[in-house]
Amino acid sequence: MNTIDCTHINPFDAGDNTGRFAGGYLFKDNSGRNGFLLNPENGCSIILSQELYEQVETKKIDDALAFKLIQRGLIENSACMQCQTSEKVQPTFFIFDLTQACNFRCIYCFRHLEEKVRTISDENLDAIINYIIDYCTKYRITDFCVQPWGGEPLIAFDKIKRMDDMFKQAGLYPLISIETNASLITEELARECAARNIRLGISIDGIETVQNMHRPLMSGKPSFDKMMRGVRILEKNEKLKNFGVVTVLTSRSFPYLEEIIEFLATEVKAPCFKLNLVKDNPVMKDAGLCLTQEQVEAAERTLLAKLVELNRRGYRITELNVQEKLMNLLVRSKTNICTSRGCMGGTKMIAFDQDGLIFPCDVTDYKEESIGSVHDRQDLISLVAQAKSSCRDFFNRKHIEECDTCPFRFYCKGGCTTAIKYKKGCVEGVDNQECVANRTLYPELIRLILTDPDSILSLTRGRVKLNR
Ligand code: SF4
Ligand code: SF4
């Protein structure tokens with residue numbers, strides 16, 4: 001098997017009129033024919049032939065290579081613009097708690113369904129939507145996304161329509177996306193979603209055995225057939241047929257991972273899915289669902305190998321984390337608020353609970369993390385700025401010693417804040433699960449870039465084509 005070798009190259013002066021090589025990590029596969037040079041401070045990178053990476057190793061960079069390295073943000077030069085590394089606070093992704101009601105009883109669900117479930121009142125729904133409308137109008141934001149979450153959001157479809165109507169009356173057309181268990185999808189509902197441009201994503205945990213074990217109905221009966229009926233309805237709808245899929249992997253479904261991905265490609269015909277590892281927190285641990293570190297590492301490797309194999313067999317399928325991490329490495333593009341530049345809670349994402357309290361992400365179980373209320377109608381950007389400057393737990397720096405020497409620190413930044421909060425009750429250290437996933441997947445992706453460049457086109461869904 002191809003392995004990947006990584007060495008650190010210290011910063012050095014590249015010549016009087018050239019500038020300073022900023023330092024970076026050089027990855028080589030075991031053939032040594034090509035190298036991948038990555039700057040961990042700004043996420044910039046370049047693929048270099050052996051002849052060129054040896055110039056960097058020997059600190060003898062010719063003019064042609066210097067020009068490329070300046071362009072790619074790997075040589076700092078006072079005459080050139082610096083790469084932007086900070087993010088402007090401007091939320092464009094809004095999630096809110098629509099309903100706790102659900103007709104499934106997934107084994108990893110953290111909602112307390114034995115208690116009385118609530119659906120948002122019209123009054124609070126209107127207050128949240130008007131708050132988003134006022135904010136987007138004030139800052140002239142037209143490109144934004146709203147995600148009502150549950151429970152099962154389609155149980156409260158009338159409220160989703162009410163929200164959509166409010167935005168349209170205000171002359172705003174956000175991308176409304178709904179994650180559903182698919183059991184309530186009918187032909188009529190699909191037509192209405194298509195007409196309204198509402199995007200549906202389906203939670204599917206895999207082959208029949210796994211789906212029924214992970215995601216039983218409230219009655220305890222299997223859910224597979226109901227879920228597949230919803231899938232088949234969407235497949236027939238031209239506007240909805242390319243729906244996204246979210247798959248949760250636990251220690252119980254881990255042994256079936258290859259079969260699950262095969263099923264998503266060949267039976268569900270999903271062009272893309274997101275594999276979420278069940279969150280490592282005390283509730284999931286008690287339920288015996290968490291993955292071990294070895295399982296996380298094996299899952300990342302299996303995922304990538306299976307995707308490559310499926311694409312070779314002609315199935316055009318990718319996984320969102322794989323796609324986004326490849327985009328990070330190759331074009332440093334921000335395609336996702338969570339995994340492109342570390343946590344964007346508060347900066348790009350905002351959550352609302354059913355009472356209209358505002359949170360920097362889905363930490364609604366921790367009321368002390370609320371940064372304000374929609375009912376007070378205060379400016380959102382000021383609320384985030386106040387929360388950041390008042391040293392709220394949520395905005396603590398996420399860091400361990402290993403981050404200082406980690407090649408992927410620009411992209412990772414310690415992982416998901418909410419995951420840490422739910423695991424530890426406070427934000428300290430890093431999101432260990434994401435750390436293991438990143439330290440496994442990024443080197444594997446670099447190995448693929450260097451040894452199998454043709455596979456990148458399909459794994460990025462046509463976004464990046466590498467020359468051989
Ligand atoms: S948390 Fe882990 S992967 Fe992320 S920057 Fe730190 S060491 Fe690297
Ligand atoms: S807390 Fe987690 S889910 Fe929320 S924005 Fe940050 S990384 Fe994403």
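The second largest pocket of this predicted model has a volume of about 720 Å³. Two helices, α13 and α15, are the elements that give two or more residues to the lining of this pocket. In total, 35 residues line the pocket, and those nearest its centre are R341, K398, C412, K413 and G414.

The second largest pocket is also where ligand 1 sits. Around ligand 1 are the residues E402, C403, C406, R409, C412, G414, V430, C435, N438 and R439. Helices α13 (409–412) and α15 (432–451) each supply at least two residues of this shell. The largest share, three residues, comes from α15.

A second shell surrounds ligand 2, and its residues are C338, C343, M344, G345, M349, C361, F394, C416, T417 and T418. The shell around ligand 2 has no charged residues, whereas the shell around ligand 1 has three.

The table sets out the residue classes of the two shells and of the pocket lining.

| Group of residues | Nonpolar | Polar | Charged |
|---|---|---|---|
| Shell around ligand 1 | five residues | two residues | three residues |
| Shell around ligand 2 | seven residues | three residues | no residues |
| Lining of the second largest pocket | 13 residues | 10 residues | 12 residues |

The division of the protein into domains remains to be described. Domain 1 covers residues 4–76, and domain 2 covers residues 93–326. The C-alpha centres of domain 1 and domain 2 lie 41 Å apart.

Notes:
Residues are numbered from 1 along each chain as its sequence is written. Chains are lettered from A and ligands numbered from 1 in the order in which they are written. This is a predicted model: local features need pLDDT of at least 70, side-chain atom pairs count only at pLDDT 80 or more; totals for chains, interfaces and linings use all residues. Side-chain values use heavy atoms; hydrogens and water are left out. A residue is near a molecule or strand if one of its heavy atoms lies within 4 Å of it. Ala, Val, Leu, Ile, Met, Phe, Trp, Tyr, Cys and Pro count as nonpolar, Asp, Glu, Lys and Arg as charged, and the others, Gly among them, as polar. Domain bounds come from an automatic or database domain assignment. On a 1 Å grid over the protein atoms alone, a cavity is a set of points where a 1.4 Å probe fits but cannot get out, and a pocket is an open set with protein on both sides within 12 Å along at least five of seven lines; lining residues have an atom within 4 Å of a point. A molecule sits in a cavity or pocket if more than half of its atoms lie within 2 Å of its grid points. Helices (H or I, at least four residues) and strands (E, at least two) are DSSP runs, numbered from the N terminus. Grid points are joined across faces, edges and corners, and a volume is the space filled by probe spheres set on the points.
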